Amino acid sequence: MPNDISVTGNKKLKTLYKEFNKNFPYISLCVFPLSEKGKSSQSPHNSEMRISEVRTKTNPGDISIHGRTHAGNLEENFEKIFGLYAQVCWTESDGSRYYTTGAKDKMSLSQLSKLGEKEGWKKKDT
């Protein structure tokens with residue numbers, strides 16, 4: 001059973017990614033500057049940075065990630081609370097990477113990771 005992941009301004013991105021991959025081994029979370037949204041190729045933030053160092057909004061509140069969290073809601077919360085562009089993504093067995101959209105954005109993170117296991121997506125090492 002996945003543990004809740006608390007996302008605060010003090011957390012390093014690499015710690016967030018590691019906790020996310022431990023809970024949901026067949027999907028990943030990528031965090032980008034908001035300016036990257038809509039670009040065809042994006043450069044994520046340096047994973048050594050803390051969320052407080054890269055955020056563009058300082059709305060009150062933190063994000064709690066759990067297995068029932070829908071991918072699209074998680075992405076929206078990163079933008080709303082931290083002013084960051086976040087994407088839930090996965091890697092196919094051939095190495096192709098994809099971001100969730102449409103129906104996959106309406107799936108919970110646990111459902112997505114289970115789907116990935118069933119469909120043979122690459123598992124992330126933690």
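In this predicted model, L16 touches I5, V7, K11, L29, V31, I51, I65 and F78, leaving aside residues up to four places away in sequence. Together with I65 and F78, L16 is also among the residues with the most contacts inside the largest nonpolar core, a set of 27 residues. Several elements come together here: β1 (5-7), α1 (13-23), β2, α2 (51-54), β3 (63-65), α3 (71-82), β4 and α5 (109-119) each supply at least two residues of this core. The biggest contribution comes from α3, which gives 5 residues. Such a gathering is a familiar sight, as nonpolar side chains tend to be buried together in soluble globular proteins.

Aromatic rings offer a second view of the structure. The pairing count comes to 6 aromatic pairs. In one of them, F32 and Y85 meet in a tilted arrangement, with 5.5 Å from centre to centre and 35° between the planes. This pair links distant parts of the chain, since F32 lies in strand β2 (residues 28-33) and Y85 in strand β4 (residues 84-91), 53 residues apart.

How accessible are the two partners, F32 and Y85? F32 counts as buried because its relative accessibility is 2%, under the 20% cut-off. Y85 has a relative accessible area of 9%, so this residue is buried as well. The pair also belongs to a wider group, for F32, Y85 and Y99 form one aromatic cluster. The strands that carry F32 and Y85, β2 and β4, are likewise listed among the elements that each supply at least two residues of the largest nonpolar core.

Conventions: Residues are numbered from 1 along each chain as its sequence is written. This is a predicted model: local features need pLDDT of at least 70, side-chain atom pairs count only at pLDDT 80 or more; totals for chains, interfaces and linings use all residues. Side-chain values use heavy atoms; hydrogens and water are left out. Rings of Phe, Tyr and Trp (its six-membered ring) pair if their centres lie within 6.5 Å; planes under 30 degrees apart count as stacked, over 60 as edge-to-face and the rest as tilted. Helices (H or I, at least four residues) and strands (E, at least two) are DSSP runs, numbered from the N terminus. Buried means under 20% relative accessible area, exposed over 50%, partly exposed in between (1.4 Å probe, protein chains only). A nonpolar core is a set of buried Ala, Val, Leu, Ile, Met, Phe, Trp, Tyr and Cys residues joined through side-chain atoms within 4.5 Å. Contact means heavy atoms within 4.5 Å.
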